[in-house]
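User: Please take a close look at a single part of this structure and explain how it sits within the rest of the chain. I would like one connected answer, with a word on where caution is needed.

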Amino acid sequence: MTTANEDRLLADSAEGLTPMSLQRVQQALTRHGYAYVEDEAHPEILRARFDDYRFQFMLSGEDHGVLQTRGRWNHSVDMSRKVQMIKLCNEWNMNRVWPKVYVRRESEGLLGVYGELAADFRAGALDAQVDSALTCGLSTVIAFFHSLEDRLGAELDDLDA
């Protein structure tokens with residue numbers, strides 16, 4: 001919900017901007033030469049792999065104007081390491097503005113580690129803004145995953161066992 005002042009500001013700043021759509025996300029990914037697939041079960045999600053990490057691109061929010069770039073680390077983590085992984089994620093979140101990183105239970109005894117960046121384009125966006133949001137989301141989430149791998153070092157071999 002927006003206030004009257006916010007409504008006027010959104011209208012003023014939206015001049016020349018194009019509304020967000022999943023098609024625009026597809027076009028941006030194509031412009032950068034990135035391969036992606038559409039998800040038949042979830043038509044509102046595009047999926048891709050970057051540096052062997054799985055990513056999803058989706059629009060959320062009331063008007064589908066918030067672009068979310070979400071990546072999953074390519075390792076599963078045993079539940080016994082939950083506290084360790086939460087501490088590593090919290091340390092990242094306390095020292096950086098983005099991406100938001102977190103641990104999520106995926107099955108009995110296994111955790112997944114995620115990074116996510118959201119960009120609010122409810123007022124619309126220029127192609128350059130969509131491109132920037134995608135590349136920022138990808139590069140910062142991948143940087144988190146690399147940082148996690150550096151921190152864990154030799155322990156990585158034990159994660160997926």
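Analyst: A residue is called buried when its relative accessible area is under 20%, exposed when it is over 50%, and partly exposed in between. By that rule His-64, with a relative accessible area of 49%, is partly exposed, and Asp-52, at 48%, counts as partly exposed too. The model is a predicted one, and buried residues make up 39% of the 161 residues in its chain.

The part chosen for a close look is helix 3, which covers residues 82–95. The chain has five helices and seven strands, which run from the N terminus in the order α-α-β-β-β-β-β-α-β-β-α-α. At 1.5 Å a residue, the 14 residues of helix 3 should span 20 Å, and its end C-alpha atoms are indeed 20 Å apart, so expectation and model agree.

Within helix 3, the residues Met-85, Leu-88, Cys-89 and Trp-92 are buried. Viewed down the helix axis, the buried residues fall within an arc of 95 degrees, and they therefore line one face of the helix. On the other side of helix 3, Val-83, Lys-87, Met-94 and Asn-95 are exposed. The partners of the buried residues of helix 3 are strand 5 (77–78), strand 6 (100–107), strand 7 (110–120) and helix 4, against which they pack.

Trp-92 deserves a separate paragraph, which begins with the aromatic pairs. A search of the whole structure finds seven such pairs. In one of them, the rings of Phe-50 and Phe-57 have their centres 6.3 Å apart and their planes at 90 degrees, so this pair is edge-to-face. Trp-92 and Phe-144 also form an edge-to-face pair, at 5.2 Å centre to centre and with 65 degrees between the planes. This second pair links distant parts of the chain, since Trp-92 belongs to helix 3 and Phe-144 to helix 4 (residues 127–152), 52 residues apart. Both Trp-92 and Phe-144 are buried, while Arg-96 lies over the face of Trp-92, at 3.8 Å from the ring centre. As for the Phe-50 and Phe-57 pair, Phe-50 is buried with a relative accessible area of 11% and Phe-57 is buried with one of 0%; together with Tyr-34 and Phe-55 they form one aromatic cluster.

Beyond helix 3 comes a loop that leads to strand 6, and Pro-99 is found in that loop. The peptide bond from Trp-98 to Pro-99 is cis, with omega near -5 degrees. Most residues other than glycine have a negative phi, and most peptide bonds are trans. Two loop residues elsewhere also merit a look at the backbone. Asp-52, in the loop between strand 2 (45–50) and strand 3 (53–60), has a positive phi of about 70 degrees although it is not a glycine. His-64, in the loop between strand 3 and strand 4, has a positive phi near 55 degrees and is likewise a residue other than glycine.

Finally, a word on confidence. The chain averages a pLDDT of 89, and 89% of the residues score at least 70. Among the elements of the chain, strand 4 (residues 66–72) has the highest mean pLDDT, 98, and helix 1 (residues 4–13) the lowest, 50. Over residues 8–12 pLDDT stays under 50, and for these residues the model has two contacts beyond four places in sequence. Where pLDDT is low, the predicted coordinates should not be read in detail.

Key
Residues are numbered from 1 along each chain as its sequence is written. This is a predicted model: local features need pLDDT of at least 70, side-chain atom pairs count only at pLDDT 80 or more; totals for chains, interfaces and linings use all residues. Side-chain values use heavy atoms; hydrogens and water are left out. Rings of Phe, Tyr and Trp (its six-membered ring) pair if their centres lie within 6.5 Å; planes under 30 degrees apart count as stacked, over 60 as edge-to-face and the rest as tilted. Buried means under 20% relative accessible area, exposed over 50%, partly exposed in between (1.4 Å probe, protein chains only). Helices (H or I, at least four residues) and strands (E, at least two) are DSSP runs, numbered from the N terminus. A charge sits over a ring if NZ of Lys or CZ of Arg is within 6 Å of the ring centre and within 35 degrees of the ring normal. pLDDT is the predictor's confidence in each residue, from 0 to 100. Contact means heavy atoms within 4.5 Å. The expected span of a helix is 1.5 Å times one less than its number of residues. The arc is that of the directions from the helix axis to the C-beta atoms.
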